[in-house]
Amino acid sequence: MTTDPAEPNMFRDVSSCNTYNYGDALYWDARYVQEAGSFDWYQRYSALRPFVRNYIPTSSRVLMVGCGNALMSEDMVNDGYEDIMNIDISSVAIDMMSRKYEDVPQLKYMKMDVRDMSFFPDNSFDSVIDKGTLDSLMCGTEAPVSATQMLGEVSRLLKPGGVYMLITYGDPKVRMVHLNRPVYYWKTELHIIPRPGFEKPGSCSSSMKSYLEPIPITEDGLLPADFVLEDPDSHFIYVCKRTNHSDLINLPTYPLSADIL
């Protein structure tokens, strides 16, 4: 069956989304009222630490998008990070976290929509960390537009040489088409780690050293045909390194197509 190129849901993560509108502030406000405790999407900082420390110096000015009520920023401060601006679309989450960390000067909180971060001037941050926020937008009815708006803002806010680290369930087939556009001025590396608690049957799991080695991707922005995921429900870490405009001549592009869902 062919897909109409004009269909609005063509590039949504349909198979991974339920009926909730994850791009709606009201949904998140209600959720955070009901769930007062902390919750970290996908991976805790302890699992992500080798990647964060490898790509993001502790002196960096960090933007944590879609911070929610996660502990990751606190864990990063405990690990030596000095300046983390946390934003979220939910005023409930921001009020809660602002009160919780009012005596931690390294952490700042502000209500903001990632699709419009015009409060911050260009080149404001050394790094941007995203653990599930782009995924939330990809579940919305205006997914392609929202993703373009968010990634454009992330690129604008990064200093040359800065890093956008995306932790997601989305494999290259559904993410590289959005990430690797020349207008964002970055080059992308991919890492893959298993979900928390995963145990590889019959043999030992890969070492952390092997996870830190970037995964090669094809010219089409896909995993090699013979690549086998250690965990079928692995998480993907895209490290997008902001370049100077003059470095863009050899950046690949991956055209949007109707079969990426």
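**Entry 1: Arginine 195 and its partner**

I began with arginine 195, which counts as partly exposed at 33% relative accessibility. The model I am reading is a predicted one. I then looked for a charged partner and found that the side chain of arginine 195 meets that of aspartate 233 in a salt bridge, at 3.8 Å from N to O. Aspartate 233 sits in the loop between α8 (208-211) and β7 (235-242), and arginine 195 in the loop between β6 and α8, so the pair ties together parts that are 38 residues apart in sequence. I also noted that aspartate 233 is partly exposed, with a relative accessible area of 48%.

**Entry 2: Salt bridges around aspartate 83**

How many salt bridges does the structure hold? I recorded a total of 15. I looked up two that involve aspartate 83. In one, the side chain of aspartate 83 meets that of arginine 61, with N and O 3.8 Å apart. This pair links distant parts of the chain, since arginine 61 belongs to strand β1 and aspartate 83 to strand β2, 22 residues apart. In the other, lysine 108 and aspartate 83 meet through their side chains at 3.4 Å, N to O. Here too distant parts of the chain are linked: lysine 108 is in strand β3 and aspartate 83 in strand β2, 25 residues apart.

Are these residues buried or exposed? I found aspartate 83 to be partly exposed, at 23% relative accessibility. Arginine 61 is partly exposed at 27%, and lysine 108 is partly exposed with a relative accessible area of 36%.

I added one network to this entry: salt bridges link Asp40, Arg44, Asp75 and Lys131.

**Entry 3: Strand β1 and its neighbours**

I turned next to strand β1, which spans residues 61-65 and is mostly covered, with 4 of its 5 residues buried. Which strands pair with β1? One is strand β2 (residues 83-88), which runs parallel to β1 over 5 bridges. Within that pairing, arginine 61 has aspartate 83 in β2 as its bridge partner. I had already met these two residues through their side chains, in a salt bridge.

Strand β4 (residues 125-131) also pairs with β1 in the parallel sense, over 4 bridges. There the bridge partner of valine 65 is aspartate 130.

I then followed the chain from β1 to β2. Helix α3 (residues 72-78) joins these two strands in a right-handed β-α-β unit.

**Entry 4: From β2 to β3**

Strand β2 pairs with strand β3 (residues 107-111) as well, in the parallel sense and over 5 bridges. In this pairing asparagine 86 stands opposite tyrosine 109 in β3. The chain crosses from β2 through α4 to β3, and I noted that this β-α-β crossover is right-handed.

**Entry 5: Helix α4**

Which residues of helix α4 (residues 91-100) are buried? My list holds Ala93, Ile94, Met96 and Met97. Seen down the helix axis, these buried residues fall within an arc of 165 degrees, so they line one face of α4.

I also examined the N-terminal end of α4, which is capped by serine 90. A side-chain oxygen of serine 90 lies 3.3 Å from the backbone nitrogen of valine 92.

**Entry 6: Aspartate 130**

I returned to aspartate 130, which lies in strand β4. Aspartate 130 is buried, yet has no salt bridge. Where is the nearest side chain of opposite charge? It belongs to arginine 175 and is 7.8 Å away, whereas a salt bridge requires the atoms to be within 4 Å. I did find a polar contact for aspartate 130: a polar atom of its side chain lies 2.7 Å from the backbone nitrogen of threonine 133.

**Entry 7: Arginine 181**

My last look-up was arginine 181, placed in the loop between α7 (172-179) and β6 (186-193). Arginine 181 is partly exposed, with a relative accessible area of 23%. I compared its position with that of leucine 151, 30 residues apart from it along the chain. The C-alpha atoms of arginine 181 and leucine 151 are separated by 9.8 Å.

Conventions
Residues numbered from 1 in each chain as written. Predicted model: local features only at pLDDT ≥ 70, side-chain atom pairs only at ≥ 80, totals over all residues. Heavy atoms only, no water. Buried < 20%, exposed > 50% of the residue type's maximum accessible area, 1.4 Å probe, protein only. Pairing = 2+ DSSP bridges. Right-handed = clockwise from strand over helix to strand, strands pointing away. Arc of directions from axis to C-beta. Polar contact = N/O pair within 3.5 Å; in protein donor to acceptor, adjacent residues only side chain to side chain. Lys, Arg positive; Asp, Glu negative; His and termini not counted.
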